[in-house]
Amino acid sequence: MTTDKGAAPLTADRVMQRAEPQEFSRVLSSMCTEPHPTARAAAERFLATNPGDPGTYESVAALERTAVDLLGQVAGLRDPAGYVASGGTEANVQAVRIARNRAATRDPNVVAPASAHFSFRKAADVLGVELRTAPLAGYRADLEAVAELVDDDTVLVVGVAGSTEYGRVDPIPAMAEMASDAGALCHVDAAWGGFVLPFTDHDWDFSDAPVDTMTVDPHKMGQAAVPAGGLLTRGPELLDELAVDTPYLESTSQVTLTGTRSGAGVASAVAVMEELWPDGYEAEYRRSQANADWLAAELRSRGYDVVEPVLPLVAADLGDRIAALRERGWRLSPTEAGEARVVCMPHVTRAMLREFVADLDDLDDGRRR
Ligand code: 0PR
């Protein structure tokens, strides 16, 4: 260790010189975005807090209850229970855990569409439940296929509201009914879609169907700082399925999967939801959807196959151009079927998309020459 402070810059400064966070100006396939300025300020303010210990970090614990109430408003649920999770993965794992714990069967299975996020595979693995995936019809869960997989040992039926690859919404009311007929729970994964769906005609939330649990992530379309995922349950009894005793803490039990948690995530989620819900989010949704529709039309007019953007997410078959576009700095990733996936997050502007299309044209001009 050096004692010459003048000669040795602070470690943090050295790290800052070595590494800069990426810019968002060419990020097209991420489901995260630049945190809203309010979210950023709140996150910084609450960096040194831990909602996992509400007896010590009281103010952030109170904020978390506000976060859950606000998430309840977003998802059409009065008196919601839940918490701010590390992300959609934790929320989905916990939803599967709730369903498994409350059921009597020794051989539990979860039925989900093939479009369900891979976090359900993690859930099945760590929780020892069987994951049954139903084929899709038109990018959404095929109800007949789901029905065929549901049996007496089904503890959970999962519907996706805003799928990761194509932004599709499953027939949630019918799936919730199927779940309830089978004595199972219904979970809706609206991790990404939750902050845009309230402004559409889709039936997806707690007021539209007997949904039991839901994932809705402030750190995606909600514009909160990472990490801020959301788990909601209809009533506290379901959340209580997760409780374990915490002998030496002020609080006597804990429902979260992680122990120490990010107060920054919680505070930023509350700050941005209070700022944007509902009008700000609605304006964002309209702008993002208009961008998606514009991009889809531009690509179609050039002869590319485009999957209709039901929500602000465009998947288009750009052939083998993804690698060349990545070389030009575009952060673009493919779907499993190979289409390029442009997620119209708040940082994705029309100017950016114009530049993207111009680069695509330039590539094609180069190929024709
Ligand atoms: N459910 C859905 C519908 C999702 O799309 C995702 C993530 C999750 C759950 C899991 O959420 P967490 O990643 O918060 O645990 N979907 C994106 C994906 O896996 C996540 C992502 C986000 C990927 C930002 C890239 C990125 O830059 O593709």
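## Close-up views of a predicted model

**View 1. Gly303 sits in a loop.** Gly303 lies in the loop between α10 (279-301) and β12 (305-307). The model is predicted. Gly303 counts as exposed, because its relative accessibility is 61%. Asp317 is 14 residues from Gly303 along the chain. The C-alpha atoms of Gly303 and Asp317 are 9.8 Å apart.

**View 2. Arg302 forms salt bridges with Glu298 and Asp361**. Side chains of opposite charge can pair when their charged atoms come close. Arg302 and Glu298 meet at 2.9 Å, N to O. The closest N and O atoms of Arg302 and Asp361 are 2.7 Å apart. The pair of Arg302 and Asp361 links distant parts of the chain. Arg302 is in the loop between α10 and β12, while Asp361 is in helix α12 (residues 350-368). Along the chain, 59 residues separate Arg302 from Asp361. Arg302 is partly exposed, at 32% relative accessibility. Glu298 is partly exposed at 23%. Asp361 is partly exposed at 26%.

**View 3. Arg328 and Asp359 form a salt bridge**. Their side chains meet at 3.2 Å, N to O. This pair also links distant parts of the chain, 31 residues apart. Arg328 is in the loop between α11 (322-327) and β14 (333-334). Asp359 is in helix α12. Is each partner buried or partly exposed? Arg328 is partly exposed, with a relative accessible area of 30%. Asp359 is buried, because its relative accessible area of 14% is under the 20% cut-off. Salt bridges that share partners join Arg26, Arg328, Glu355, Asp359 and Asp362 into one network. How many salt bridges does the whole structure hold? A search finds 16.

**View 4. Arg341 is buried yet has no salt bridge**. Arg341 belongs to strand β15 (residues 340-343). Which side chain of opposite charge is nearest to Arg341? That side chain is Glu165, at 6.0 Å. A salt bridge needs atoms within 4 Å, so this pair does not count. A polar atom of the Arg341 side chain lies 2.8 Å from the backbone oxygen of Thr164. Leaving aside neighbours within four places in sequence, Arg341 touches several residues, including Leu28, Ser29, Met31 and Thr164. Leu313, Val314 and Ala315 are also among its contacts.

**View 5. Tyr139 and Tyr166 form a tilted aromatic pair**. The structure holds five aromatic pairs. A pair of aromatic rings is described by the distance of the centres and the angle of the planes. For Tyr139 and Tyr166, the centres are 4.4 Å apart and the planes differ by 45°. The pair links distant parts of the chain, 27 residues apart. Tyr139 is in the loop between β4 (136-137) and β5 (140-141). Tyr166 is in the loop between β6 (154-160) and α7 (172-181). Tyr139 is partly exposed at 31% relative accessibility, whereas Tyr166 is buried at 10%. Elsewhere, Phe199, Trp277 and Tyr285 form one aromatic cluster.

**View 6. Cys344 is in no disulfide**. The count of disulfides comes to zero. Where is the cysteine sulfur nearest to Cys344? That sulfur belongs to Cys32, 15 Å away. Cys344 counts as buried, because its relative accessibility is 0%. Cys186 is buried too, with a relative accessible area of 1%.

Conventions: Residues numbered from 1 in each chain as written. Predicted model: local features only at pLDDT ≥ 70, side-chain atom pairs only at ≥ 80, totals over all residues. Heavy atoms only, no water. Helix = DSSP H or I, 4+ residues; strand = E, 2+ residues; numbered from the N terminus. Buried < 20%, exposed > 50% of the residue type's maximum accessible area, 1.4 Å probe, protein only. Lys, Arg positive; Asp, Glu negative; His and termini not counted. Polar contact = N/O pair within 3.5 Å; in protein donor to acceptor, adjacent residues only side chain to side chain. Contact = heavy atoms within 4.5 Å. Disulfide = S-S within 2.5 Å. Phe/Tyr/Trp six-rings, centres within 6.5 Å; stacked < 30°, edge-to-face > 60°.
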